[in-house]
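Got a minute to go through this model with me? I'd like to talk about its salt bridges, a helix pair and a surface patch.

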Amino acid sequence: MPSSPTFGRKLPFQRTTLWHDRGYSRQAPCSPRSLPRVLFGCILILLIAVALLLHRQLSYNTPPVVGCGAVEDTLRSLILLPSPKRVMQVGADSTKLKDELLSGSTDHDSVDGNLLVEGPRPKVLGFVGIQTGFGSAERRRALRQTWLPSTQDGIVRLQEETGLAFRFIIGYTDDPKKMLELEQEIEIYHDFVRIDNKEEYKRLPFKTLAFFKAAYLLFDADFYVKADDDIYLRPDRLSMLLKKERSTPRTYLGCMKKGNVISNPALKWYEPLGYLLGSEYFFHAYGPIYALSRTVVADLVTFRNDSFRMFSNEDVTIGSWMLALNVQHEDDRSLCDPECHPNSVAVWDIPACSGLCHSEQRLLQLHQQDMCSKSPTVFDQ
């Protein structure tokens, strides 16, 4: 008689008996005797995961991701009629978002942080963001005594005359005393745009990206101008420069330079990522002032924050993005003139300083020169 394939073997429903027959005691998976081993295994896995995370952070030094955050234009909140506040977000990799922003539509949700904006975007020739910090109150005072109006009416008139809107751009600090001093200055002048970015020198590239994203949401401008608070600027001549006819709408306008990559950590302008750049920098604009056209900034707005390569130096960082965006580099030396001349647009002490040396005093000295200060768009203070 042929043997059955199950002959002499326990069937599945009989295997518990087989364990007892062999002298073993089978435990339930969650019995009290097995819990210590399970807990030990979980703790071990958790420790390994934490160690791997720390190793990645130390090995790659991953930079923080900039967020645009809440944006406040302290002057617009006064000159605009009350309107419902709209929550906006920027940063989505979306052509539709860019098209909607270009058309002035602001009711759109995306990815990278909330922007609080009141009313429609004002149409201007250029929006000039004067980058400043918590240690620059004296510079701001000197600017308001020279080429920048010190009153709200003066700033509005300057915008009407030149087509240029001017605001100081500032983030935040953990120092409550400095924050209180800023609030007091805002109450007097109302000439700031506040962005959600911590003010630190090493975070300048992040602040610059946050500035362009915020500026695009606040103003519908043909050009967005980044300017430092230690240069003497001629608003009327800047307006003429931005109005110039160009063969392409994709423009990167500045005083262009090249130079050796600084690979020595002991030197100023040291670039830790210099090995990615080689021995010489690519063509890019000096940092004290440069301008990007609307379509270029529109691209920056729609890119995700974590898709940007951040170098140590802000001007190099912007220059690398411009290479990737296939823009027209426009080199104009009137943006880096060491003295006031008939065609000067921005005056600063190139190459001795990245701005005016002893800027508070130099701003006042330059303003005493008729060549600098005599202009229909420089108002009496």
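What follows is a short chat between a colleague and the modeller.

Colleague: Before we start, is this model predicted or not, and how many salt bridges does the structure hold?
Modeller: It's a predicted model, so keep that in mind throughout. Side chains of opposite charge can pair when their charged atoms come close. Going by a cut-off of 4 Å between a Lys or Arg nitrogen and a carboxyl oxygen of Asp or Glu, the salt bridges in the structure come to 25.

Colleague: Which helix holds the Arg 139 that pairs with Asp 229?
Modeller: The side chains of Asp 229 and Arg 139 form a salt bridge, at 2.9 Å from N to O. Asp 229 sits in the loop between strands E7 and E8, so the pair ties together parts that are 90 residues apart in sequence. The helix at the Arg 139 end is H5.

Colleague: And Asp 229 itself, buried or exposed?
Modeller: Buried means under 20% relative accessible area. Asp 229 has 3%, while its partner Arg 139 has 26% and counts as partly exposed. With that 3%, Asp 229 is therefore buried.

Colleague: How are H5 and H12 oriented to each other?
Modeller: Their axes come within 9 Å and cross at roughly 5°. In the contact, Glu 138, Arg 139, Ala 142 and Leu 143 of H5 meet Ser 359, Glu 360 and Leu 363 of H12. Angles under 35 degrees count as roughly parallel, so H5 and H12 are roughly parallel.

Colleague: Which strand holds Glu 330, the partner of Arg 246?
Modeller: Arg 246 and Glu 330 meet through their side chains in a salt bridge of 2.7 Å, N to O. This pair links distant parts of the chain, 84 residues apart, with Arg 246 in the loop between helix H9 and strand E9. Glu 330 is buried at 13% relative accessible area, and its strand is E11.

Colleague: Which residues make the nonpolar surface patch of about 310 Å²?
Modeller: Leu 44 is one of them, and it lies in helix H2, residues 35-60. Patch residues need over 30% relative accessible area; Leu 44 has 41%, which makes it partly exposed. The full set is Phe 40, Leu 44 and Ile 48.

Methods:
Residues are numbered from 1 along each chain as its sequence is written. This is a predicted model: local features need pLDDT of at least 70, side-chain atom pairs count only at pLDDT 80 or more; totals for chains, interfaces and linings use all residues. Side-chain values use heavy atoms; hydrogens and water are left out. Patches are made of residues with over 30% relative accessible area and no salt bridge: like charges are joined within 9 Å, nonpolar side chains (Val, Leu, Ile, Met, Phe, Trp, Tyr) within 5 Å. Accessible areas come from the Shrake-Rupley method with a 1.4 Å probe; for residues, only the protein chains shown count as cover. Helices (H or I, at least four residues) and strands (E, at least two) are DSSP runs, numbered from the N terminus. Buried means under 20% relative accessible area, exposed over 50%, partly exposed in between (1.4 Å probe, protein chains only). Axes are lines fitted to C-alpha atoms, for helices over the stretch in contact, and angles run from 0 to 180 degrees between N-to-C directions. Angles under 35 degrees count as roughly parallel, over 145 as roughly antiparallel, 65 to 115 as roughly perpendicular and the rest as oblique. Contact means heavy atoms within 4.5 Å.
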